[in-house]
Amino acid sequence: MRRLCRLARCFTSSDMGAAAQDVESGPSAGPADALARNLKQAGRAILDYALPPRCPGCGVIVGGDRQFCLTCWQSLDFLDGPACARCSIPLPRALPDGDLQCGACLASPPPFDGAPAAVAYGPAARTVALRLKYGRRLGHARLMAQLMARPLATLAGEGDALLVPIPLHRWRLWSRGFNQAALVADELTRLTGMPHDHHLLLRAKATASLRGKTRREREKVVAGAFALAENGRAKAAGRHLILIDDVHASGATLRAAAKALRRSGAARVSALSWARVVPDALMTSNIFDFATLDSDIMDQIMTG
């Protein structure tokens with residue numbers, strides 16, 4: 001019954017919407033158009049009663065699809081304040097705005113020019129990412145993209161930008177069935193019109209999980225993991241390439257991918273993520289070790 005309702009929901013939200021659009025563009029628009037809209041609304045009301053939309057963060061019933069409840073929405077920490085001009089790690093708000101760089105970037109500049117994220121990694125953001133990645137909640141890609149569109153517009157500016165999702169190795173892709181970064185890139189293209197290329201960057205070798213490894217170990221694991229496609233230089237030369245990923249934690253994966261894109265002749269390489277790990281200790285000038293964190297975060301299936 002649940003599966004039938006889900007199929008019906010898809011039909012109601014897609015096919016009937018398309019049918020209504022066809023009616024509007026046809027010569028018989030009018031009563032038929034009103035009938036199509038009424039049928040769609042009635043079908044949606046029935047389905048919402050059987051399978052009401054739920055908050056992607058905690059699962060409580062909400063007013064519409066891809067909407068957070070008030071508690072989860074208020075818990076999201078949007079990363080739109082002062083940040084490092086090179087890696088986009090948030091900086092204390094007491095510092096003046098400007099072309100400031102964090103100590104890590106001054107000591108060892110990363111291979112990308114800006115790596116913002118929509119929100120800080122927290123309980124709600126974590127749940128959304130894990131349920132997309134492991135729970136097959138593919139609709140969460142659209143939710144993530146909706147909140148990533150604004151920092152993307154700022155990052156891309158007026159240049160000729162191209163979205164490049166972090167690729168999976170073919171064995172991982174076959175086992176999972178999809179690449180969550182590619183799904184997010186698809187949705188960003190739909191929302192902004194900015195083009196994407198799923199095949200510009202390749203995963204040249206399978207890599208072990210980075211979880212539990214030190215920063216240096218992580219760098220060794222992902223070294224040489226990415227390569228350009230055969231026609232990559234022709235596609236990327238002179239463009240602004242923006243890597244797309246779900247979670248930015250240690251940054252080892254993004255740095256390795258950016259190094260590969262740097263060899264493409266691109267004018268600029270940046271990165272954009274859904275959520276970024278931002279420790280509270282960073283705001284109090286305490287030392288924080290990113291080596292305990294990983295962009296994969298957890299190797300478990302989320303079914304809730």
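1. In which helix does H140 lie? In this predicted model, H140 lies in helix 6, and a reader new to the structure may find that helix a convenient place to begin. H140 is buried, with a relative accessible area of 11%, and, when residues up to four places away in sequence are not counted, H140 touches P56, V128, R131 and L132.

2. Helix 6 covers residues 140–156, which is 17 residues, and from its first C-alpha to its last it reaches 23 Å, close to the 24 Å expected at 1.5 Å a residue. The helix nevertheless bends by about 40 degrees at M148, and a proline, P151, follows within four residues. Just after helix 6 comes G157, which takes a positive phi of about 60 degrees.

3. As for the surroundings of helix 6, 12 of its 17 residues are buried, so the helix is largely enclosed by the rest of the structure. Among the buried residues are H140 and A141, followed further along by L143, M144 and A145. M148, where the helix bends, is also buried, and so is the proline P151. The list of buried residues further includes L147, A149, L152, L155 and A156.

4. R142 of helix 6 is partly exposed, because its relative accessibility is 28% and the buried class is kept for values under 20%. E187 forms a salt bridge with R142, the closest N and O atoms being 3.1 Å apart. This pair links distant parts of the chain, since E187 is in helix 8 (residues 180–192) and R142 is in helix 6, 45 residues apart. E187, at 15% relative accessibility, counts as buried.

5. E187 has another salt-bridge partner in R190, and the side chains of R190 and E187 meet at 2.9 Å, N to O. Because R190 and E187 are 3 residues apart in helix 8, about one helical turn separates them. R190 counts as partly exposed, at 45% relative accessibility. As a general remark, side chains of opposite charge can pair when their charged atoms come close.

6. A search of the whole structure finds 6 salt bridges, and one that deserves a separate point is formed by the side chains of D113 and R262, at 3.1 Å, N to O. D113 lies in the loop between helix 4 (103–107) and strand 1 (117–120), while R262 lies in helix 11 (residues 252–262), so the pair ties together parts that are 149 residues apart in sequence. Both residues are partly exposed: D113 has a relative accessible area of 23%, and R262 is at 34% relative accessibility.

7. The pairing of R190 with E187 may be set beside a network elsewhere, in which salt bridges that share partners join R86, D113 and R262.

8. Is H248, whose place is in strand 5 (residues 240–248), buried or exposed? With a relative accessible area of 4%, H248 is buried. Leaving aside its neighbours within four places in sequence, H248 is in contact with A115, L254, S273, A275, R276 and V277.

9. On the surface, W171, L173 and W174 form a nonpolar patch, and together these residues have about 380 Å² of accessible area. L173 lies in helix 7 (residues 170–176). With a relative accessible area of 33%, L173 is classed as partly exposed.

10. Finally, some totals give the setting for these local points. There are 11 helices and 6 strands in the chain, and buried residues make up 47% of its 304 residues. Of the contacts with a separation of 6 or more, 73% are accounted for by residues 24 or more positions apart. The accessible surface of the chain comes to about 15,900 Å², and 55% of that surface belongs to carbon and sulfur atoms.

Conventions
Residues are numbered from 1 along each chain as its sequence is written. This is a predicted model: local features need pLDDT of at least 70, side-chain atom pairs count only at pLDDT 80 or more; totals for chains, interfaces and linings use all residues. Side-chain values use heavy atoms; hydrogens and water are left out. Helices (H or I, at least four residues) and strands (E, at least two) are DSSP runs, numbered from the N terminus. The expected span of a helix is 1.5 Å times one less than its number of residues. The bend at a residue is the angle between axes fitted to the seven residues ending there and the seven starting there. Buried means under 20% relative accessible area, exposed over 50%, partly exposed in between (1.4 Å probe, protein chains only). Patches are made of residues with over 30% relative accessible area and no salt bridge: like charges are joined within 9 Å, nonpolar side chains (Val, Leu, Ile, Met, Phe, Trp, Tyr) within 5 Å. Accessible areas come from the Shrake-Rupley method with a 1.4 Å probe; for residues, only the protein chains shown count as cover. A salt bridge is a side-chain nitrogen of Lys or Arg within 4 Å of a carboxyl oxygen of Asp or Glu. Contact means heavy atoms within 4.5 Å.
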